[in-house]
Number of protein chains: 2
Amino acid sequence: MLSKKTKYGLKALTFLASQKNRDPIQIAEIAKHENISQKFLESILLTLRRTGYLGSKKGKGGGYYLIKDPTEIPMTTVMRVLEGPIAMVSCVSLNFYEKCDDCPDEQACSVHKLMLKVRDSALDVYRNTTLADLIP
Amino acid sequence: MLSKKTKYGLKALTFLASQKNRDPIQIAEIAKHENISQKFLESILLTLRRTGYLGSKKGKGGGYYLIKDPTEIPMTTVMRVLEGPIAMVSCVSLNFYEKCDDCPDEQACSVHKLMLKVRDSALDVYRNTTLADLIP
DNA sequence: TTATTAATCTACTAAAACTATAGGATAAAC
DNA sequence: GTTTATCCTATAGTTTTAGTAGATTAATAA
């Protein structure tokens, strides 16, 4: 299941991307519009800022705004930042590879074989979808 | 991430499917061969039996054996039994649909739009993969 | 300068899910 | 009737998730 963190993060990004201009939008406004706990959203936006998707401004008239063009934000990177590895087992992960400690032979492993296909199909979707595609 | 339950379940199914005949195999043997905690595997095999994939026999010479032909066991049903919904959000689930309580308009939701594509791509893999395809 | 506003940061907690484990009950074989 | 191995329920430990609290910092406006 998708974590709420990812869900909320995607909604916030889409909301910011759908704005007419790139003026700062307050956390409170995003939270209210998307029905998200403000404090929780706060931490999510912070990680999105640290990763370079969002800019922020403090004080009156402050808030968050999108730095990049939505067409330049592929879902591969967004999902990795918010949700973590795209692969369902680390032994088939491109960016977070780890050997399974219980599995002697990766090539003979049925889980490996299946999850490799699942990862590829998911990657195909994420690589071909940008934030711009999600704007209603 | 894939749960250990699913991982172990898949390994056990593959192990049973790769046997020459359909004689009962003891839990202990499967657990040892696949490096799985025996007690944990016990409960997994139990659910697989209740779902109709496995048969069992008690007492001496007992154990678990595959009931169906591996080519007749698609990953869609196995994954749903072991892991749960294939969709990452319930609002795009075919078998476990639930409306999101925070989302006023499903059609306008960016998460819905993205996860629909991911679900379809995963379904495509699971529908076209049977247990027979996982045997090394 | 001072007050106000809104993001930043650290730390903490409650709840849920996951990963087992314990131990007796049941049924089959011998 | 003893041994063997599955069946079943309950429970406990750990990790992850989701959310909260409260003080700090920076920008704006008076």
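The exercises below deal with the fold of chain A, the relation between chains A and B, and the protein surface at DNA strand D.

This is a predicted model, in which local features need pLDDT of at least 70, side-chain atom pairs count only at pLDDT 80 or more, and totals for chains, interfaces and linings use all residues. Residues are numbered from 1 along each chain as its sequence is written, chains are lettered from A and ligands numbered from 1 in the order in which they are written, and side-chain values use heavy atoms, with hydrogens and water left out.

**Exercise 1. Describe the fold of chain A.**

Step 1. Count the elements, taking helices (H or I, at least four residues) and strands (E, at least two) as DSSP runs numbered from the N terminus. Chain A has six helices and two strands.

Step 2. Put them in sequence order: the pattern is α-α-α-β-β-α-α-α.

Step 3. Take the extent of the C-alpha trace, which spans about 60 × 25 × 25 Å along its principal axes.

Step 4. Of the 136 residues in chain A, 48% are buried, that is, under 20% relative accessible area (1.4 Å probe, protein chains only).

**Exercise 2. Determine how chain B is related to chain A.**

Step 1. Superpose the copies by least squares on the C-alpha atoms of residues with pLDDT of at least 70 in both. Chain B falls on chain A after a rotation of 180° with 0.0 Å of shift along the axis, at an RMSD of 0.0 Å.

Step 2. Classify the operation: this is the relation of a two-fold axis.

Step 3. Locate the axis in chain B. The C-alpha of Ser121(B) is nearest to the axis, at 2.8 Å.

Step 4. Compare the contact residues (contact: heavy atoms within 4.5 Å). Both copies use the same surface, as 100% of the contact residues of chain B recur in chain A.

**Exercise 3. Characterise the protein surface near DNA strand D.**

Step 1. Select residues with a heavy atom within 4 Å of the strand. There are 25, and the closest are Lys39(A), Lys57(A), Gln26(B), Ser56(B) and Tyr64(B).

Step 2. Sort them by class: 13 are charged, seven polar and five nonpolar.

Step 3. Assign them to elements. The largest share, five residues, comes from H3(B).

Step 4. Turn to the strand. Sugar or phosphate accounts for 74% of its atoms within 4 Å of the protein, and bases for the rest.

Step 5. List phosphate oxygen distances. A polar side-chain atom of Ser56(B) lies at 2.4 Å, while polar backbone atoms of Ile27(B) and Lys4(A) lie at 2.9 Å and 3.1 Å, respectively.

Definitions and conventions: A polar contact is a pair of N or O atoms within 3.5 Å; within protein, one must be able to donate a hydrogen and the other to accept it, and residues adjacent in sequence count only if both atoms are side-chain atoms. Ala, Val, Leu, Ile, Met, Phe, Trp, Tyr, Cys and Pro count as nonpolar, Asp, Glu, Lys and Arg as charged, and the others, Gly among them, as polar. Buried means under 20% relative accessible area, exposed over 50%, partly exposed in between (1.4 Å probe, protein chains only).
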